[in-house]
Amino acid sequence: MAWEEWERLKAQAAERHATQMQLNQVEPGMGGAPGAAPGSYGDLRVRQADLARIGEHAFELFDRLSNKGRVAVPSSRQAAGDLARQGFALGGGLQHVAGRWEEQLDSLRDACAHISNHMRVTTKLHQGDEHYISRQLSSIDVLDAGFDERVGKPGDKNPVYMPHKEQKDD
């Protein structure tokens, strides 16, 4: 393809698609609340209690699937074997269904365990981050007070670093 042809095709495409990309907003009528301004939907917030509750529900589901989901598997396999020995084609089909049930059950249990573990780890990580950030911010306040010239008169000692005098009650 010649360079001139490429430039001509690009110009034609630009003419057909004169709209530009718009970030951080939705075209009117494309979703969202009617008449709502972009950014008026609020921030995404996740609280530690929410993460913990999701993890707990996933763990409870994992337990219920482990305890109740496998109940039918041994009896189904035994019934499939009995039917197959008696010459019924249904035995092979039932064996297949029991195998697929067990595979899907294991997959679902693994997903629940993954969610539960992930929520537990995420809660701990975010909790550690919150403590770290609050420690950093509180130390910044002390530093700001120490370097802020507005704390005292120019030339005076900064009262932040002066020992506190106990006041006597009269």
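Trainee: Which residues form a nonpolar patch on the surface?

Mentor: This is a predicted model, in which local features need pLDDT of at least 70, side-chain atom pairs count only at pLDDT 80 or more, and totals for chains, interfaces and linings use all residues. Residues are numbered from 1 along each chain as its sequence is written, and side-chain values use heavy atoms, without hydrogens and water. A patch takes residues with over 30% relative accessible area and no salt bridge, joining like charges within 9 Å and nonpolar side chains (Val, Leu, Ile, Met, Phe, Trp, Tyr) within 5 Å. With about 300 Å² of accessible area together (Shrake-Rupley method, 1.4 Å probe, only the protein chains shown counting as cover), the members are Y132, I133 and L137.

Trainee: Is R109 buried or exposed?

Mentor: Buried means under 20% relative accessible area, exposed over 50%, and partly exposed in between (1.4 Å probe, protein chains only). The relative accessibility of R109 is 16%, so R109 counts as buried.

Trainee: Which residues are joined into one network by salt bridges that share partners?

Mentor: A salt bridge places a side-chain nitrogen of Lys or Arg within 4 Å of a carboxyl oxygen of Asp or Glu. R70 pairs with E102, with the closest N and O atoms 3.3 Å apart, while D106 pairs with R70 at 2.2 Å. D106 lies in helix α4 and R70 in the loop between α2 and α3, so this pair ties together parts 36 residues apart in sequence (helices are DSSP runs of H or I, at least four residues, and strands of E, at least two, numbered from the N terminus). R109 also bridges to D106, at 3.6 Å, and the network joins R70, R77, E102, D106 and R109.
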